[in-house]
Amino acid sequence: MSPAPGPRSRRLWRRAQRALAGGVDSPVRSFRAVGGSPVFFARGSGAYLEDVDGRRYLDLVGSWGALLLGHAPAPVVRAVRAAAAQGMTFGAPSPREHELAEQIRRRDAALERLRFVNSGTEAVMSAVRLARGATGRDVVVKFAGGYHGHSDGLLARAGSGVSTLALPDSAGVPRAVAGATRVLPFNDPEALARLFEQVGETVAAVVVEPVPANMGVVPPVPGFLQSVATTAHRHGALVIADEVVTGFRLRLGTVHRELGLDADLVTLGKVIGGGLPIGAYGGPERWMRELAPLGPVYQAGTLAGNPVAMAAGLATLEQLSARTYRELETTSRELERRLNAFAAEERVDEFTVQRVGSMLGTFFAPGPVVDEPTASRTDRRRYARYFHAALDGGIYLPPSALETTFVSGATTVRDLDRAGPALRAALAAARKGRRR
Ligand SMILES: *Cc1c(COP(=O)(O)O)cnc(C)c1O
């Protein structure tokens, strides 16, 4: 195939840059992290995307994990069409809101009360506000490499030592706001214990992805998540399990409890919206009653609980069964096996795949990757060569080295068979020391 992007994508990119800030509505879409200019998509169907130049790609991003069932699954499309025809938004109660909440609670009984918002960012931001309101404390603890959306306080990176104040990770974030966030290394229970010894009584919440999927995929080491909850609870802090990615992605429900994380509040997004904008947070009535209108913590949304998004979420959840996850596991294991086999055959050194369910972290670095510093050792230039060769061969991978490769339920082993030669060529292109 000729190199992507094609002529139409290139033309659209020039035009988009004159209309949108940086040409995009979310920075990583710009391909800055891998070089070149982005592909513009016209449609998606099942496991495949088609760009505006008519080229087809096996989609291994799935809108950053949101599309568990692949593109445009018929039952979800039908439900969205029907819902849209009945009205796009009411800004008033409608039954699908509590129906979706009930369906989610069926899969995690601890989510006694839920609140829907429009994005994962809003879900985590609101859960943090709730934790602060409920505890009367200000400090939030997060882990380096964990992504919890782009709200001010969570765009913070660690200062020089673990007990120093966090620094803003973005211009426009007040130091005082970032300073209420403490950033710790993931998978390091001692660092957590030390911080809590020092300032434990000021901590409102620890927010953690049960399986971090925003620095590649980094499984928690045994005992780490248990110690997060034990330490936090001993000091009267809440635990927020950020399951915006993992919720309904790794199993039919949330994963934190299964992984030993005793969370107080849970955030959801991505999969539960079936591709429409959504976020949710929930927990025991005891905490959720702190929210207005019952309690003093304010949070609202014009389009929150949007009837079309609720319909997409309900139709998606209806499609999910234990079998969905068994099949995802089979396909994903097969992708992992092939990546490793091709890498070995093509003598690609220092290549590490870390897979949890249908999420794969691919690092051009020696493993194991256990935290942000080890993830950051990945060779971004090699990843860029891998990415572009895959793209030219009809495989759409995440356009950034530290993002996760997602397999959708629409992907089959046959799709992987077809993609095999391109995947192998992509790995060969990323061989160490080779130039583009
Ligand atoms: C994607 C993501 C978010 C943010 O969700 P948006 O819908 O992009 O705002 C928050 N937390 C985690 C773990 C995520 O992966």
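**Why the terms apply**

Colleague: Why is D242 called buried?

Modeller: D242 has a relative accessibility of 4%. Buried means under 20% relative accessible area, exposed means over 50%, and partly exposed lies in between, with a 1.4 Å probe and protein chains only, so D242 counts as buried. D242 is found in strand 10, residues 238–242. The model is predicted: local features need pLDDT of at least 70 and side-chain atom pairs count only at pLDDT 80 or more, while totals for chains, interfaces and linings use all residues. Residues are numbered from 1 along each chain as its sequence is written, and side-chain values use heavy atoms, with hydrogens and water left out.

Colleague: What makes 238–242 a strand?

Modeller: Strands (E, at least two residues) and helices (H or I, at least four) are DSSP runs, numbered from the N terminus. The run 238–242 is strand 10. From D242 to H98, 144 residues apart along the chain, the C-alpha separation is 21 Å.

Colleague: Which other strand residue is called buried, and on what value?

Modeller: A280, at 0% relative accessibility, counts as buried. A280 lies in strand 12, residues 279–283. The C-alpha atoms of A280 and A384 are 34 Å apart in space, with their positions 104 residues apart in sequence.

Colleague: What makes a residue part of the group around the ligand, and which residues are in that group?

Modeller: One of its heavy atoms must lie within 4 Å of the molecule. The residues around the ligand are S119, G120, T121, Y147, H148, G149, E209, N214, D242, V244, V245 and K270.

Colleague: How do you know that T121, N214 and K270 have atoms in polar contact with the ligand?

Modeller: A polar contact is a pair of N or O atoms within 3.5 Å; within protein, one must be able to donate a hydrogen and the other to accept it, and residues adjacent in sequence count only if both atoms are side-chain atoms. An N or O atom in the side chain of T121 is 2.6 Å from a ligand oxygen atom, a polar side-chain atom of K270 is 2.7 Å from a ligand oxygen atom, and for N214 the distance is 3.1 Å. The ligand on its own has 380 Å² of accessible area, and the protein covers 83% of that. These areas come from the Shrake-Rupley method with a 1.4 Å probe; for residues, only the protein chains shown count as cover.

Colleague: How does the shell around the ligand divide by class?

Modeller: The shell has 3 nonpolar, 6 polar and 3 charged residues. Ala, Val, Leu, Ile, Met, Phe, Trp, Tyr, Cys and Pro count as nonpolar, Asp, Glu, Lys and Arg as charged, and the others, Gly among them, as polar.

Colleague: What makes a space a cavity rather than a pocket?

Modeller: On a 1 Å grid over the protein atoms alone, a cavity is a set of points where a 1.4 Å probe fits but cannot get out; a pocket is an open set with protein on both sides within 12 Å along at least five of seven lines, and lining residues have an atom within 4 Å of a point. Grid points are joined across faces, edges and corners, and a volume is the space filled by probe spheres set on the points. The structure holds 1 cavity of 30 Å³ or more. About 40 Å³ lies in the largest cavity, and its lining includes H148 and E209. Strand 5 (139–143) and strand 9 (203–208) each give two or more residues to that lining. The lining has 7 nonpolar, 2 polar and 2 charged residues.

Colleague: What lines the second largest pocket?

Modeller: This pocket holds about 730 Å³. It is lined by 33 residues, with E97, L114, R115, F116 and P293 nearest its centre. Helix 4 gives the most, 5 residues. The lining divides into 16 nonpolar, 9 polar and 8 charged.

Colleague: Why do H71 and W64 fall into the classes they do?

Modeller: H71 has 14%, under the cut-off, so H71 is buried. W64 has 21%, between the two cut-offs, and therefore counts as partly exposed. H71 sits in the loop between helix 2 (62–65) and helix 3 (74–85), and its side chain makes a polar contact of 2.6 Å with the side chain of D59. W64 is found in helix 2 and has phi near 60°, a positive value in a residue other than glycine.
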